[in-house]
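Hi,

Here is the structure I said I would pass on. Have a look at it first, and my notes on what turned up follow below.

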Amino acid sequence: MADPARTFARALEQLRPGGLIAVTEMDFLPRYLPEDPGVGRPGLEARLHAATNTQPPHEWTEQLRAAGFSLEERRPVEIRLDRTEAGPSLNAYAQGALAKLRSHATDVLEADDLTALDVLLDETRPHGVAHRDDLRVRTTRTTWIARRP
């Protein structure tokens with residue numbers, strides 16, 4: 001949101017007294033690879049995320065209260081999906097997400113990690129993300145539920 005204060009104030013105006021608003025925020029980008037992907041050193045994806053994610057997670061509690069809402073609940077939700085639950089597009093989704101992170105990692109990851117990531121993103125390699133059956137979606141979201149008094 002470009003202007004959270006304005007957005008929440010307008011939402012408050014639109015709700016009837018007692019009405020609810022729910023705001024859901026991604027706490028961190030999803031992770032897909034196993035701890036040891038069989039290429040490079042274990043922990044590659046954790047290092048990639050640590051190097052490229054420089055922003056803290058959003059925290060909307062005070063902004064909602066400042067707009068006039070009463071906070072009912074702040075609920076973290078853990079998402080863990082294996083390949084059968086995530087569906088057949090998991091490989092393509094992971095490939096795209098990791099490729100985007102790779103484009104931001106050139107100056108922040110060590111050379112051996114960049115090389116390992118390039119191997120994982122190479123669709124012609126057997127360890128490539130496009131062909132793996134050991135991918136999982138792992139992330140968390142937080143939902144704030146607030147009420148207009």
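**Helix 5 against helix 6**

Helix 5 and helix 6 run roughly antiparallel to each other. Keep in mind as you read that this is a predicted model.

Two packed helices are described by the angle between their axes and the distance between the axes. Here, helix 5 (residues 90-103) and helix 6 (residues 111-121) pack at about 150 degrees, and their axes are 10 Å apart. Angles over 145 degrees count as roughly antiparallel, so this pair gets that label. As for handedness, helix 5 and helix 6 make a left-handed crossing.

Which residues make the contact? From helix 5 they are Gln95, Leu98, Ala99 and Arg102, and helix 6 contributes Leu114, Leu117, Asp118, Leu120 and Leu121. Sorted by type, the residues of this contact are six nonpolar, one polar and two charged.

While you are on helix 5, click on alanine 92, which lies in that helix. Buried or exposed? Alanine 92 is exposed, at a relative accessible area of 57%. Its C-alpha atom is 11 Å from that of leucine 135, and the two residues are 43 apart along the chain.

**The sheet**

Now for the strands. Strands of a sheet pair through backbone hydrogen bonds, either parallel or antiparallel. In this model, three strands make an open sheet in the order 1-3-2, and the pairing is antiparallel. Strand 1 (20-26) and strand 2 (70-81) are the edge strands, each pairing on one side only. On average, neighbouring strands of the sheet are turned by 20 degrees against each other, ignoring direction.

Here is how the two pairings look:

- Strand 2 pairs with strand 3 (residues 137-147) in the antiparallel sense, over eleven bridges. If you want a spot to look at, glutamate 78 stands opposite threonine 140 in strand 3.
- Strand 1 and strand 3 are also paired in the antiparallel sense, over seven bridges. A spot to look at here is methionine 26, opposite arginine 141 in strand 3.

Strand 1 is worth a look for its side chains too. In a regular strand the side chains alternate between the two faces of the sheet. Along strand 1, Ile21, Val23 and Glu25 point to one face and are buried. Leu20, Ala22, Thr24 and Met26 point to the other face and are not buried. That puts a glutamate, Glu25, on the buried face, alongside Ile21 and Val23.

Cheers

Technical notes: Residues are numbered from 1 along each chain as its sequence is written. This is a predicted model: local features need pLDDT of at least 70, side-chain atom pairs count only at pLDDT 80 or more; totals for chains, interfaces and linings use all residues. Side-chain values use heavy atoms; hydrogens and water are left out. Axes are lines fitted to C-alpha atoms, for helices over the stretch in contact, and angles run from 0 to 180 degrees between N-to-C directions. Helices (H or I, at least four residues) and strands (E, at least two) are DSSP runs, numbered from the N terminus. Angles under 35 degrees count as roughly parallel, over 145 as roughly antiparallel, 65 to 115 as roughly perpendicular and the rest as oblique. A crossing is left-handed if the near helix is turned anticlockwise from the far one by less than a right angle, and right-handed if clockwise. Contact means heavy atoms within 4.5 Å. Ala, Val, Leu, Ile, Met, Phe, Trp, Tyr, Cys and Pro count as nonpolar, Asp, Glu, Lys and Arg as charged, and the others, Gly among them, as polar. Buried means under 20% relative accessible area, exposed over 50%, partly exposed in between (1.4 Å probe, protein chains only). Two strands pair if DSSP finds at least two bridges between them.
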